[in-house]
Amino acid sequence: MTTNKTYKPLLIDSVLASADLEQHRFIGFDGNYCAAGAKALGVSDVAIEKGQYVPVAVLGILLIEAAGTIAVGDAIASDADGKAVKVADSAVTNGYALDAGTAGQEIRILKGC
């Protein structure tokens, strides 16, 4: 059963994609997937090919693919593939989980600046 999840981007920007990018992944300021533990520009709004401008949701309630087990309220960071993981060690927090989920599932996060 598929559950519709609230998606409320408040600000969308764009960046030139440096690689083929999947939808609902953390994107870095360089147009690639965000590096593990790094600050993300935002979350890709669509899948896009290298050389195109990808719309990136920068602020709001956003959908992202999880890379591991996440609980509601967990601080969220990026893994090397731009997927959501719980913050560990010195990783930068890129949002907070509004849903619980496991690897491969889409969850909602609250992302501020």
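**Salt bridges around Glu65 and Asp99**

At 18% relative accessibility, Glu65 counts as buried, because the cut-off for buried is under 20% relative accessible area. The model is predicted. The count of salt bridges comes to four. Two acidic residues organise this briefing: Glu65, which pairs with Arg25 and with Lys83, and Asp99, which pairs with Lys5.

**Glu65 and Arg25**

- Glu65 forms a salt bridge with Arg25. The closest N and O atoms are 3.3 Å apart.
- This pair links distant parts of the chain, 40 residues apart. Glu65 sits in strand S4, residues 53–65. Arg25 sits in the loop between S1 and strand S2 (26–27).
- Arg25 is buried, as its relative accessible area is 11%.

**Glu65 and Lys83**

- Glu65 also meets Lys83 in a salt bridge, side chain to side chain. The N to O distance is 3.4 Å.
- Here too the pair links distant parts of the chain, 18 residues apart. Glu65 is in strand S4. Lys83 is in the loop between strand S5 (75–78) and strand S6 (84–86).
- Glu65 and Lys83 are both buried.

**A shared network**

- Lys5, Asp99 and Arg108 are joined into one network by salt bridges that share partners.

**Asp99: position and burial**

- Asp99 lies in the loop between strand S7 (95–97) and strand S8 (106–111).
- Asp99 has a relative accessibility of 13%, so it counts as buried.

**Asp99 and Lys5**

- The side chains of Asp99 and Lys5 form a salt bridge, 3.8 Å from N to O.
- Lys5 belongs to the segment before strand S1 (8–16) and Asp99 to the loop between S7 and S8, so the pair ties together parts that are 94 residues apart in sequence.
- The two partners are not equally covered: Asp99 is buried at 13%, whereas Lys5 is partly exposed, with a relative accessible area of 33%.

**Asp99: other contacts**

- The Asp99 side chain also reaches a backbone atom, the nitrogen of Arg108, at 2.8 Å.
- Leaving aside residues up to four places away in sequence, Asp99 touches Lys5, Ile70, Ala71, Val72, Ile107 and Arg108.
- Lys5 is thus both a contact of Asp99 and its salt-bridge partner. Arg108 is a contact of Asp99 and a member of the network with Lys5 and Asp99.

Notes:
Residues numbered from 1 in each chain as written. Predicted model: local features only at pLDDT ≥ 70, side-chain atom pairs only at ≥ 80, totals over all residues. Heavy atoms only, no water. Helix = DSSP H or I, 4+ residues; strand = E, 2+ residues; numbered from the N terminus. Buried < 20%, exposed > 50% of the residue type's maximum accessible area, 1.4 Å probe, protein only. Polar contact = N/O pair within 3.5 Å; in protein donor to acceptor, adjacent residues only side chain to side chain. Contact = heavy atoms within 4.5 Å.
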